[in-house]
Amino acid sequence: MAGVLVNRQFRPLTEAALISLAVAGCYYAAGRLGLLGRLVVEGVVATPIWPPTGVAVAALLLFGVRVWPGIALGSFLVIASLTTPGPTTVVTVASNTVAPLCSFLLLRRAGFRLDMARLRDGLALVFLGGFGAMLISATAGVGLQVVKGSLDSSEFWGVWLAWWAGDTMGVLLVAPLLLVLAGPTARFRIRRWKEAAFLALTSLVVVPVSVLSPMSLLFLVFPLLVWAALRFQLAGSMLCALFASVFATFGATSQRGAYVLLSDVEIMVKLQAFNGSAALTALLLASVITEQRATRRSVRRACEELAEVLEHLAAGESPPDPPAGSPPDPTGSRTDS
């Protein structure tokens, strides 16, 4: 009996440890991918999209606070792959862990739902989980560079803005997509698959043309985002936005197309303005459409139930019992046959 109790006690710890290790691996892999799109701002390397923050926030929302050691370990591994860890590494790892934790706590306090089927969920992720919580990691990371002397105080705000925008884009572009992939998958009809394939092919053509064209045609991406949000909600719009942002980052790092003959600061500002606009358009529009569709389904069900009740009343029969989860009759009245 004692052995059974010990096993039951250690099972949650083992599960949490395995999940944390998986989160650390995903965090490290996302960090290596994010470093492929590095830009130099004021002599400091910055990433326009930092996917690990999105991985961290999504992991906390899916598995809870118990996975924070995995976030800290993943952050340490990313730093160790770039430079020799030192005393300041502790501050960086702490800020990279605390920021997603604050994002998670703020979202939970706001009643955030993982399916993001309401506009308030999209707004909460943008302003609380992204814009608000990522102030911590940006301020701590850039402030540490100033304290160390590797960054002049006059360069603080430019580098801080690039750091904050990169972390925020990671939350807005990566976290919603991971939450959608972790949720129940929707079943598409053959016609929907054909439309999805056509949208993907169109994106493969339009996005490179809009990014690599010297005429700066980045605005051509937004009709694709609207199409994806209208027809495929969050999954389609976030995939399209992520692809467009990644390709735009490639164009910026190689200084091609819309980013030719621009300074480093101008490239970062233009790129982050596009990435932010694409992420906000995809996220908020998809949330609005999902909420409207859920409302229409609820109204349709209510009309069907009301029609069934009226049919029974017209036939002189007792109305059927309301389905489980239906709100009780506010008048407390009942109809007897």
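Student: Which residues do ring pairs link into a cluster?

Tutor: In this predicted model, the cluster takes in F127, F131, F156, W157, W160 and W164. A search of the whole structure turns up 9 aromatic pairs.

Student: What makes F156 and W157 an edge-to-face pair?

Tutor: Check the distance, then the angle. Their ring centres are 5.0 Å apart, and the limit for pairing is 6.5 Å. The planes stand at 85°, and over 60 degrees counts as edge-to-face, so that's the label they get.

Student: Why are W160 and W164 called stacked?

Tutor: Their ring centres are 5.9 Å apart, with the planes at 5°. Stacked needs planes under 30 degrees apart, so this pair fits.

Student: How many residues apart are W160 and W164 in helix α7?

Tutor: They are 4 residues apart in α7, which spans residues 156-182, so about one helical turn separates them. Both of these tryptophans are buried, too.

Student: How do you know whether F156 and W157 are buried or exposed?

Tutor: Look at the relative accessible area. F156 has 16%, and buried means under 20%, so F156 is buried. W157 has 60%, and exposed means over 50%, so W157 is exposed.

Student: Why is S103 called buried?

Tutor: Its relative accessible area is 0%. The cut-off is under 20%, so S103 counts as buried. S103 lies in helix α4, residues 87-109. Leaving aside residues up to four places away in sequence, S103 touches V57, G129, A133 and M134.

Student: M134 also belongs to α6, right? What does α6 meet in α7?

Tutor: M134 is indeed one of the α6 residues there, along with others including L135, S137 and A138. On the α7 side, the residues they meet include F156, W160 and W164. The axes of α6 (residues 134-148) and α7 come within 9 Å and cross at roughly 145°, and the crossing is right-handed.

Student: What makes K270 count as lying over the face of Y259?

Tutor: K270 is at 5.8 Å from the ring centre of Y259, and the distance limit is 6 Å. There's a direction test as well, within 35 degrees of the ring normal; K270 is listed as lying over the face.

Student: How does the reach of α3 compare with the expected value?

Tutor: Helix α3, residues 68-82, has 15 residues and reaches 22 Å from its first C-alpha to its last. At 1.5 Å a residue, 21 Å is expected, and the reach is close to that. Buried residues in α3 include G70, I71 and A72.

Methods
Residues are numbered from 1 along each chain as its sequence is written. This is a predicted model: local features need pLDDT of at least 70, side-chain atom pairs count only at pLDDT 80 or more; totals for chains, interfaces and linings use all residues. Side-chain values use heavy atoms; hydrogens and water are left out. Rings of Phe, Tyr and Trp (its six-membered ring) pair if their centres lie within 6.5 Å; planes under 30 degrees apart count as stacked, over 60 as edge-to-face and the rest as tilted. Buried means under 20% relative accessible area, exposed over 50%, partly exposed in between (1.4 Å probe, protein chains only). Helices (H or I, at least four residues) and strands (E, at least two) are DSSP runs, numbered from the N terminus. Contact means heavy atoms within 4.5 Å. The expected span of a helix is 1.5 Å times one less than its number of residues. Axes are lines fitted to C-alpha atoms, for helices over the stretch in contact, and angles run from 0 to 180 degrees between N-to-C directions. A crossing is left-handed if the near helix is turned anticlockwise from the far one by less than a right angle, and right-handed if clockwise.
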